[in-house]
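Work through the following exercises with the sequence and the 3D view side by side. Try each task before you read its solution.

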Amino acid sequence: MREQIAANKRKTILLFVLAIAFTALIGYAIGYLFFAGGTAGVVIAVILAVVLSLSSYFAGDRLVLASTRAREVSAEEEPRLHNVVEGLAIAAGVPKPRVYVVPEQAPNAFATGRDPNHSSVAVTQGLLDIMNRVELEGVIGHEMSHVLDRDILVGTVVATVVGAAVLMSEFFMRSWFWSGGRMGGRRDSGGDAGIITLVLFAVGIVLLILAPLAGQLIKLSVSRNREYLADAQGVLLTRYPPGLISALEKIRDAPHAMKAANNATAHLWLDQPSRVPGDDTSRMERLFSTHPPIQERIDRLREM
Amino acid sequence: MVGLWIVVGIVALLVLWAVYAYNRLVTYRNRVDEGWSQIDVQLRRRYDLIPNLVETVKGYAAHEREVFEEVAQARAAAIGASGAAEQANAENAITSGLRKLLAVAENYPDLKASANFLALQEELTGTESKIAYARQYYNEQVRLLNTRIQSFPSSVLAGLFRFDRREFFDIEDAARGPVEVDLGSASTEA
């Protein structure tokens, strides 16, 4: 477990370094191509990337929770969920994470945060509705293992840094589209506006190419193996494999698709958020697949 | 001269090791204490729940006096208990008393349906499983500490600085299983 934690910390630092270096490169290119000098571009880009990295580290969990529309629930609202989370936190010897519910019918769950002292666990309404207590314990045990191993740190940073790249590409493309469309007639009057339009366009194109690559990056940084690991470790906490097995079976057979599914946060969830109910083998999903097939996980748990 | 330096080097290494090993022992002991206080918190929560639960059941089944008394006595004994082994015995008595109480409740549909009872039952189930998890954590930490105290060379330091072995906290292991259908079996989850 200690090696897991160390590896995850290394990975996080590497991600930040990559993100900053990459942004600097883009900044340099823009400065060089459009403003006759790369230095200013690099400085601005690095400042931007450092701010992005810091906010991803300190506020990444809040961003992820907000993007899934998760709502924090009190112990009075959801006594059973709170009791289960507190129980497994005791078993793991860590402070109790904050508890969230995602308004979504597909049964699923995730954990986020930067370390066990700053962690949150979120489950979907659908999961709460169909799971009994031992199944819920199995699910939360799995998530608690991610908290213990600092998988949540890497996962959250990946989600926010990659999510930012995707968001920015959309932003740039859209602002180019609008400004380009509207300024078409006025372009002769102001040369500056033309340059800005071009810059936005170039950045947008670069980010657009990067967005699918980002999906691959997620796959690289969060190994599918850690899901098996978290299953095994979670069962070590609950001491009851049938709980998680039956929970995974219910998730496998659930007829709902996830509305909040997107590529930036897919790797965080307990099971691959499916866009089409029951279809976990579509081409798109295999391309961005961050999780092992659920049946394989069930089989491995059965062997324990 | 060289011989002197070698001796100094060995002594320095020994001291470094001793500091490290001593700090490890302290860490392990603190985790055991932390684990114990967590058990204590959860046990106390259960003591606090019992009068409420008894009162609620009484409202519907006043004549089941025997069970009420058994639970009350077990609770008093547990509060007065000292030491992990005695405590564990007393807690087992509470658990079996509570199981009977819930079995009694089973015969009163109005009681079983009341919101107050359901909330108390959730609280009780939650607390019992927290006791189980706290015990699991505590016993794991005790095992780690005891191993360290017994194994050479840290055993030398442990003897020197009086690190004592700790008792395990044993509560009878009730079967875990799905609890959604049968209200009566909810308490067995601990």
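The exercises below go from the whole chains to single residues.

The model is predicted, so local features need pLDDT of at least 70 and side-chain atom pairs count only at pLDDT 80 or more, while totals for chains, interfaces and linings use all residues. Residues are numbered from 1 along each chain as its sequence is written, and chains are lettered from A and ligands numbered from 1 in the order in which they are written.

**Exercise 1. Describe the secondary structure and the burial of each chain.**

Step 1: Helices (H or I, at least four residues) and strands (E, at least two) are DSSP runs, numbered from the N terminus. Chain A has eleven helices and four strands, whereas chain B has six helices and zero strands.

Step 2: A residue is buried if 20 or more other C-beta atoms lie within 10 Å of its own, exposed if 12 or fewer, and partly exposed in between, with C-beta atoms placed from the backbone. Of the 304 residues in chain A, 44% are buried, and of the 190 residues in chain B, 31% are buried.

**Exercise 2. Find which part of chain A should be read with caution.**

Step 1: The predictor's confidence in each residue is its pLDDT, from 0 to 100. Chain A averages a pLDDT of 80, and 77% of the residues score at least 70.

Step 2: Over residues 181-189 of chain A, pLDDT stays under 50, and the model has four contacts beyond four places in sequence for them; two residues are in contact if their C-beta atoms, placed from the backbone, lie within 7 Å. Where pLDDT is low, the predicted coordinates should not be read in detail.

**Exercise 3. Work out which elements of chain A touch chain B.**

Step 1: The contact takes 13 residues from chain A and 16 residues from chain B. On the side of chain A, helix H3 (79-92) and helix H5 (133-149) each supply at least two residues, and H3(A) gives the most, with eight residues.

Step 2: The residues on this side of chain A divide into six nonpolar, four polar and three charged, where Ala, Val, Leu, Ile, Met, Phe, Trp, Tyr, Cys and Pro count as nonpolar, Asp, Glu, Lys and Arg as charged, and the others, Gly among them, as polar.

**Exercise 4. Compare the span of helix H2 of chain A with that of a straight helix, and locate its bend.**

Step 1: The expected span of a helix is 1.5 Å times one less than its number of residues. For the 29 residues of H2(A), residues 39-67, a straight helix would span 42 Å, but H2(A) spans only 35 Å between its end C-alpha atoms.

Step 2: The bend at a residue is the angle between axes fitted to the seven residues ending there and the seven starting there. H2(A) bends by about 75° at A:Ala59.

Step 3: Buried residues of H2(A) include A:Gly41, A:Ala45, A:Ala49 and A:Ser53. A:Ala66, which lies in helix H2 of chain A, is exposed because it has 10 other C-beta atoms within 10 Å.

**Exercise 5. Trace the strand partners of strand S2 of chain A.**

Step 1: Strand S2 (residues 98-102) of chain A has four of its five residues buried.

Step 2: Two strands pair if DSSP finds at least two bridges between them. S2(A) pairs with strand S1 (residues 71-72) of chain A in the antiparallel sense over two bridges, and with strand S4 (residues 118-124) of chain A in the parallel sense over five bridges.

Step 3: A:Tyr100 in S2(A) is the bridge partner of A:Glu72, and A:Thr124 in S4(A) is the bridge partner of A:Val102.
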